[in-house]
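Trainee: Could you take me through one part of this model slowly? I would like to look closely at the aromatic rings and how they pair up.

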Amino acid sequence: MNYEREKAMYYIGVDLGTSAVKLLLMEEDGRILNIVSREYPISFPRPSWSEQKPEDWWQQTREGIRDLLREYDRGLVGGISFGGQMHGLVVLDREGQVIRPAILWNDSRTTEETEYLNEEVGRDFLSGHTGNIAFAGFTAPKILWMKKREPENFARIHRIMLPKDYLVYRMTGVHATDVSDASGTLLLDVRNRTWSKEMLAICGIRENMLPRLYESYDCIGKIRPDIAKELGLPENVRVAVGAGDNAASALATGTVGEGKCNLSLGTSGTLFISSDHFHLDESNALHSFCDASGRYHLMGCMLSAASCNKWWTEEILGETDYAGVQSRVDEKRLGENPVFYLPYLMGERSPLNDPYARACFVGMTMDSEQADLTQAVLEGVAFACRDMLETARKQGLVIDRSRLVGGGAKSGLWQKILANVLNLKLDLLETEEGPSLGAAMLAAVACGKYPDPKEAARAIVRVKKTIAPDPDLAAKYQRQYEKFSGLYPALKGTFRALVGSMSCDK
């Protein structure tokens, strides 16, 4: 007797990015069936301001789901979940209407509020109650800004949410968030995974204004019947609350479990280290956040990573052939370059927390060639990644290998430099789809296909290649790193004086 094979279920992952929403359709075994992207505008109404209309997110997400499923059986969709840009402030009134455009993560209008939190409330108080100090991009400073600068709007606030949570709210009617995204608000007691009453009091808000907290893989309900009808989806589609973009992306790389590490070499550089336990970085150089698996992670972000290579190749050399430029580097000279590069084109976040830091080349002579400077740029970014790694190791974390993703990870030369500077095995993945894939995995967990995110990652994420360090070259780079480590402390005062004098000139 022949039995028809039961059809596999589909899961949708939605990545709400800064410039576009990316949607991914995944079969239950992890096979990616389709990917679509829908752009929306970003507004810069004043210098240092960055805003978007939440309605644009919702409109493009709905249109994206239609595009995503155009050639697929919509009846097989079992679940949907989200990854999203973190830290943004979305505020709704009692009627559920958006009060003002969302203030985004890359908005820096809150310098005054950030300084108030760090200097007057105090870094020790903040890290003791939230696990972190204030950064201009975080949500709490935005709330304080709105309280002071837009009191009429502030008085109308009934609900506060993060960007991806607005999509959850529109899709389900549930006011919810997850602990990974909430970790970046400076309102969460990260250690205990609960809202901090002390921080709510400082910001002048009530807990019932904030979303209910869930783990990233929790099912918070089903899609609203009217939305299901509009999109042609079954009414029993389950919705998982999702995760912040970095936590969702880490799940998509299999960075789940004690000491698992992921290095993302994009425009900025992110080091994400998973842990079964909460770690408080007393130097405040790394963020202590909840992750998407029900545990914790430390995360460092350097502001200029692959962007350093883009700046050097395109702006300085005037070329677009990255591989051609890097082919001029003699690999026999790796670990022996007399020229060093400090990659602080936009100041630095982790682990320096210094907006005054600046990029520079050090050690050039009449013998220096273009290839030396190209090599120095790649090495300088790798040394800065090593800075973040060493900060994590001071917390007692044992790290012996890492996943490597991002645009910069496609360079074979950079892979080799990184493996030896970090002295780690670096795993390259078969599939790099970031938060959208992580979100789809969370949807599969919420629907019971996998018992937990760790099992989902074990089943879906596959390594295609491993780059191992060479002991002799790693030893050379250890000596180079020790030299690099002395440069920023020696130049710190000079950087601050340079930026100060430029401000005075203006």
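**Aromatic rings up close**

Mentor: Happy to! Keep in mind that this is a predicted model. Searching the whole structure turns up 15 aromatic pairs. Let us begin with Y10 and Y72, whose rings meet edge-to-face, with 6.1 Å from centre to centre and 85° between the planes. Find both on the chain and you will see that this pair links distant parts of it: Y10 belongs to strand β1 (residues 10-16), while Y72 sits in the loop between α1 (54-68) and β5 (77-84), 62 residues apart.

Are these two rings buried or exposed? Y10 has a relative accessible area of 10%, and the cut-off for buried is under 20%, so Y10 counts as buried. Y72, at 27%, is partly exposed.

Now turn to F278 and Y296. Their ring centres are 5.7 Å apart and their planes meet at 70°, so this pair is edge-to-face. Why does that angle earn the name? Planes over 60 degrees apart count as edge-to-face, and 70° lies over that cut-off. This pair, too, links distant parts of the chain: F278 is in the loop between β17 (269-275) and β18 (287-290), and Y296 is in strand β19 (residues 296-302), 18 residues apart. Both F278 and Y296 are buried.

Rings can also join up in a group. Here, ring pairs link F340, F383, Y477, Y481 and F484 into a cluster. Stay with Y481 for a moment, since it has another partner to show you: the charged end of R386 sits over the ring of Y481, 4.4 Å from the ring centre. So which charged residue lies over the face of Y450? That one is K449, at 5.9 Å from the centre of the Y450 ring.

Once you have found the cluster, one of its members can guide you to a feature of the backbone. F340 is in the cluster, and strand β20 covers residues 340-342. The loop between β20 and β21 (360-362) holds P351. A cis peptide bond joins S350 to P351, with omega about -5°. That is worth a pause, because most peptide bonds are trans.

To go over the tour again, start from the edge-to-face pair of Y10 and Y72, move to F278 and Y296, and finish at the cluster that includes Y481, with R386 over the Y481 ring.

Note on methods: Residues are numbered from 1 along each chain as its sequence is written. This is a predicted model: local features need pLDDT of at least 70, side-chain atom pairs count only at pLDDT 80 or more; totals for chains, interfaces and linings use all residues. Side-chain values use heavy atoms; hydrogens and water are left out. Rings of Phe, Tyr and Trp (its six-membered ring) pair if their centres lie within 6.5 Å; planes under 30 degrees apart count as stacked, over 60 as edge-to-face and the rest as tilted. Helices (H or I, at least four residues) and strands (E, at least two) are DSSP runs, numbered from the N terminus. Buried means under 20% relative accessible area, exposed over 50%, partly exposed in between (1.4 Å probe, protein chains only). A charge sits over a ring if NZ of Lys or CZ of Arg is within 6 Å of the ring centre and within 35 degrees of the ring normal.
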